[in-house]
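Biologist: I am new to this structure and would love a close look at one part of it, the nonpolar core. Could you walk me through what builds it, starting from the overall form of the chain?

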Amino acid sequence: MPLATTLAEYIRAAFSGLYLETQEPAEALRELAELCRQEHWTLATWDIDQGLQLLSSVNPVSVAATDPLAALRSLPALATPDRTTLFVLSNFHRFLNSAEIVQALQHQLLAGKATRTFVVILAPTVQLPLELERQFVVLTHELPHREQLAQIARDLAPDESSSGAAWESLLDAAAGLTRYEAEGAFALSLARHDALRPEAVWELKAQTLRKQNLLTLCRGGETFGSLGGLAALKEFCRRALQPSRSVKARGTLLLSPPGCGKSAFCR
């Protein structure tokens with residue numbers, strides 16, 4: 001279900017606290033703005049850098065509030081009797097360790113059901129204090145799907161063929177990237193090869209994983225034939241990966257001293 005449809009349902013049901021987990025805040029905000037235009041709702045935004053901004057309002061107010069507590073206290077002034085108001089707080093999870101802000105949010109969320117004012121937090125991770133867990137609905141802003149990635153590639157390289165095995169490999173490599181990352185990966189490929197190739201996309205994806213310092217990306221190519229020993233483990237994996245098995249292993253834990261071949265076996 002599209003994000004706008006899901007949000008509209010929760011807003012019509014008067015859920016006054018919405019927490020949107022997103023890796024693409026600008027894209028999420030664009031979708032929220034489009035929803036407000038369609039529904040004729042008021043949209044206000046706040047972040048620590050630009051303060052309070054009224055993107056649409058029938059009753060404009062001038063509150064240059066870069067303080068998060070002052071921003072929350074300005075919400076009642078945005079309410080109108082016959083109009084729904086969305087107040088979008090970017091990266092607000094950074095401020096939810098403050099007792100004053102938690103208390104102010106609780107008051108605003110309770111009042112929001114009556115005044116049709118809705119708080120929407122945009123953040124890359126879900127961090128809610130215990131006092132607010134039951135007052136927020138957590139939604140996920142999905143990363144771009146395959147067709148959206150394909151459209152980004154077409155926009156950057158309209159002369160490239162958008163069919164065939166090479167095109168499918170490119171989209172496979174781009175899966176899981178944000179729009180910003182996909183644009184950068186495709187642009188890197190064009191700058192390096194004057195064509196769209198999956199190698200550049202894999203390189204950027206590997207760098208993204210390296211930032212987390214937990215995973216490394218292996219593109220494959222190695223075989224069991226290049227690794228000696230571990231016969232029982234190899235046979236277990238062959239059986240577990242058979243397409244005909246009704247129950248498949250979800251994973252394997254390898255535990256041993258260093259130098260016994262765990263990483264080589266994973267590759």
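Modeller: Happily! The protein chain has a radius of gyration of 24 Å, whereas a compact globule of 267 residues would come out near 18 Å. Please keep in mind that this is a predicted model. Along the principal axes, the C-alpha atoms occupy a box of roughly 70 × 50 × 35 Å. The chain is built with 11 helices and six strands, and 39% of its 267 residues are buried. If you take the contacts between residues at least 6 apart in sequence, 66% of them join residues at least 24 apart.

Now to the core itself. The largest nonpolar core holds 25 residues, and those touching the most other members are Phe87, Phe92, Leu96, Ile121 and Phe136. Several elements each give two or more residues to this core: strand 2 (42-47), strand 4 (85-90) and strand 5 (117-123), together with helix 3 (68-73), helix 4 (75-78) and helix 5 (99-115). The most comes from helix 5, which supplies five residues.

Ile121 is a good place to zoom in. Setting aside neighbours within four places in sequence, Ile121 is in contact with Leu18, Tyr19 and Leu20, with Leu89, Phe92, His93 and Leu96, and with Phe136. Among these partners, Phe92, Leu96 and Phe136 appear again in the group that touches the most other core members.

There is also a second, separate core, made of 20 residues, including Leu32, Ala33, Leu35 and Val88.

Conventions:
Residues numbered from 1 in each chain as written. Predicted model: local features only at pLDDT ≥ 70, side-chain atom pairs only at ≥ 80, totals over all residues. Heavy atoms only, no water. Helix = DSSP H or I, 4+ residues; strand = E, 2+ residues; numbered from the N terminus. Rg over C-alpha atoms; globule rule 2.2 N^0.38 Å. Buried < 20%, exposed > 50% of the residue type's maximum accessible area, 1.4 Å probe, protein only. Contact = heavy atoms within 4.5 Å. Core = buried A, V, L, I, M, F, W, Y, C linked by side-chain atoms within 4.5 Å.
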